[in-house]
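These are my notebook entries on a structure that was new to me. I record what I looked up, entry by entry.

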Amino acid sequence: MSEVRAVVNESSAQQIRQLVVEAWLRRAMLDYFVAFQMEELTNYRLFPLHQGVEKLCKAYLLAVNSERYSSLGLREATSW
């Protein structure tokens, strides 16, 4: 029975990790979309581009280091 729970927990952890990474990727793509819509405002275009890169990096770090963060509680995971 404990083996079944371990498989279910691992499967749930993978699904949650995938949802979190996909959410950050979608946010990054939205920032890129906004930046490319602002073609005339080139001075203001850098901010959404910067934010998009930052969110892509965050998605990558969460995907690669998910085992480091998966054991944290809500308070520890959301505090700086």
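**Entry 1. Order of elements.** I began at the N terminus and followed the elements of the protein, which run α-α-α-α. My tally of the secondary structure is four helices and zero strands. I note at the outset that this is a predicted model.

**Entry 2. Confidence.** I next looked up how far the prediction can be trusted. The protein has an average pLDDT of 81, and 86% of the residues reach at least 70. Which helices mark the two ends of the confidence range? I found the highest mean, 90, in helix H2, residues 42–64. The lowest mean, 75, belongs to helix H4, residues 74–78. I also entered residues 1–8, where the pLDDT is below 50. Beyond near neighbours in sequence, that stretch makes zero contacts in the model. I keep a general caution beside this entry: predicted coordinates should not be read in detail where pLDDT is low.

**Entry 3. Burial and contacts overall.** The protein has 80 residues, and I recorded 19% of them as buried. I then turned to contacts with a separation of 6 or more, and found that 53% of these join residues 24 or more positions apart.

**Entry 4. The salt bridge.** How many salt bridges does the model contain? My count came to one. The partners are Asp 31 and Lys 55, whose closest N and O atoms are 2.8 Å apart. Asp 31 belongs to helix H1 and Lys 55 to helix H2, so the pair ties together parts that are 24 residues apart in sequence. As a general matter, side chains of opposite charge can pair when their charged atoms come close.

I asked whether Asp 31 is buried or exposed. Its relative accessibility is 14%, and because the cut-off for burial is under 20%, Asp 31 counts as buried. Lys 55 has a relative accessible area of 18% and is therefore buried by that cut-off as well. I then listed what touches Asp 31, leaving aside neighbours within four places in sequence: Pro 48, Gln 51, Gly 52 and Lys 55.

**Entry 5. Two further positions in helix H1.** I looked up Leu 30, which is placed in helix H1. Leu 30 has a relative accessibility of 53% and counts as exposed, because that value is over 50%. Its C-alpha lies 9.9 Å from that of Gln 51, a residue 21 positions away in sequence.

Val 20 is also placed in helix H1. At 34% relative accessibility, Val 20 counts as partly exposed. I noted that Val 20 and Ala 63 are separated by 43 residues in sequence, while their C-alpha atoms are 8.5 Å apart in space.

**Entry 6. The second largest pocket.** I closed with the second largest pocket, whose volume is about 340 Å³. Its lining consists of 12 residues. Which of them lie nearest the centre? I entered Ala 13, Ile 16, Arg 17, Ser 66 and Ser 70. Helix H1, residues 2–37, and helix H3, residues 66–70, are the elements that give two or more residues to this lining. The most come from H1, which gives seven. By character, I sorted the lining of the second largest pocket into six nonpolar, three polar and three charged residues.

Notes
Residues numbered from 1 in each chain as written. Heavy atoms only, no water. 1 Å grid on protein atoms, 1.4 Å probe; cavity = no way out; pocket = protein on both sides within 12 Å on 5 of 7 lines; lining within 4 Å. Points joined across faces, edges and corners; volume = space filled by probe spheres on them. Nonpolar A, V, L, I, M, F, W, Y, C, P; charged D, E, K, R; others polar. pLDDT = per-residue confidence, 0-100. Contact = heavy atoms within 4.5 Å. Buried < 20%, exposed > 50% of the residue type's maximum accessible area, 1.4 Å probe, protein only. Salt bridge = Lys/Arg side-chain N within 4 Å of Asp/Glu carboxyl O.
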